[in-house]
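Here are my notes on the model you sent over. Have a look at it first, then go through the points below.

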Amino acid sequence: MCTSIAMTTKDFYFGRNMDLDYQFGEHVVITPRNYSFQFRRAGILKKHYAMIGMATVEENYPLYAEAVNEKGLCMAGLNFPDNAYYPKKAQCGRENISPFELIPWVLGKCCSVEEAKKLLNTTCLIDIPFKADMPVASLHWHIADKNGSIVLEAMKNGIHVYDNPVQVMTNNPPFEFHMTNLGQYLNLTVDSPQNCFSKSASVLPFGKGLGSFGLPGDFSPASRFVKAAYLRLNSVCDNEEKESVSQFFRILDSVSVVNGSIITESSRPYYTTYSCCVNVDKGIFYYKTYYNSQITAVNMNHENLDEQCLKQFEMVRSQQIAWAN
């Protein structure tokens, strides 16, 4: 389970909660322009846009969970079990890409959501694992730039690309369900609620926040989608960088999963292992982990983006505390 958000104040921001029952060896990874991507069926991409994101590096290959490129295009893969489908057979006349290759394939080539749509029209997702002991992940993808968002879902009935006006995404069910489900919450308001109970009964609200009574608070994907969409669409924030970053993490915190609140079928705790927020305009990747609530930042523009080698940054996982005395 995961939640991703795109948000604009003065700058454009993109990020997500990563909800898992394990850590996957993730680092903040910068892929420079001249790192050579070797795709399994689509050849070699020697030159491309630089990108930064959270990834595990296997055999010197960045397996990105989410990333942002230097041109302002963002992409995150979110868990989509039982619905995601990738055929094993390659399709003639199309670029055949494995899901683990999709983020560098799109971010390496495209400047915008519109360019990504055109590329995806000629792309087929096929079932090719990175290696035998790493099966293909069941994912769908949130793709965004400062002008809008789309969702990509590959299912048995084909590949679907949806415009995403609320600019948030979670997990199952498919995106069309989430948008339909929002129709159940049209009564929510940031204002004090009006008395619709009865014209003859003088009923008054007894506290602040009753306009949002009924806003979901559980950890299910559908509920997280509604809550994240409501908060993101009604968010009020100053344009300054620190305020914008703080607001973004506040929204993510509202749908984060507490360790111990969900136990998997294999008796493992399922929780928000990290949260990230990227200032896409400035190329700054901010993150915090479950056990370190202090924000750490990596600026891709402080590195030489014309190099050929990946740049990895160890995550700061232990709690950092600023002592006042």
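What share of the contacts in the chain with a separation of 6 or more comes from residues 24 or more positions apart?

1. Long-range contacts. The answer is 67%: that is the part of the contacts with a separation of 6 or more that residues 24 or more positions apart account for. Keep in mind throughout that this is a predicted model.

2. Secondary structure and overall dimensions. I count 18 strands and five helices in the chain. For 325 residues, a compact globule would have a radius of gyration near 20 Å, and the chain has 20 Å, so the two agree. Along the principal axes, the C-alpha atoms fill a box of roughly 70 × 60 × 40 Å.

3. Inside and outside. Of the 325 residues in the chain, 50% are buried. The accessible surface comes to about 15900 Å², and carbon and sulfur atoms hold 51% of that.

4. Charges. There are 32 negative side chains and 29 positive ones. The centres of these two sets lie 2 Å apart.

5. Cysteines. How many disulfides does a search of the whole structure find? Zero. Cys110 is in no disulfide, and its nearest cysteine sulfur, that of Cys111, is 7.7 Å away. For a pair to count, the sulfur atoms would have to be within 2.5 Å. Cys110 is also buried, with a relative accessible area of 3%.

6. Another cysteine to look at is Cys124. Why does Cys124 have no bond to the closest cysteine sulfur? Because that sulfur, in Cys92, is 10 Å from the sulfur of Cys124, which is too far for a bond. Cys124 is buried as well, at a relative accessible area of 4%.

7. Glu314. Is Glu314 buried or exposed? Exposed, with a relative accessible area of 63%. You'll find Glu314 in the segment after β18, the strand that covers 311–313. If you leave aside the neighbours within four places in sequence, Glu314 is in contact with His27 and Tyr287.

8. One more thing on Glu314, this time about its distance to Glu26. In sequence, Glu314 and Glu26 are 288 residues apart, yet their C-alpha atoms are 8.2 Å apart in space. It's worth pulling up this pair on your screen along with His27, one of the residues in contact with Glu314.

Conventions:
Residues numbered from 1 in each chain as written. Predicted model: local features only at pLDDT ≥ 70, side-chain atom pairs only at ≥ 80, totals over all residues. Heavy atoms only, no water. Helix = DSSP H or I, 4+ residues; strand = E, 2+ residues; numbered from the N terminus. Rg over C-alpha atoms; globule rule 2.2 N^0.38 Å. Buried < 20%, exposed > 50% of the residue type's maximum accessible area, 1.4 Å probe, protein only. Contact = heavy atoms within 4.5 Å. Areas by Shrake-Rupley, 256 points an atom, 1.4 Å probe, with all protein chains shown as cover. Lys, Arg positive; Asp, Glu negative; His and termini not counted. Charge placed at Lys NZ, Arg CZ, Asp CG, Glu CD.
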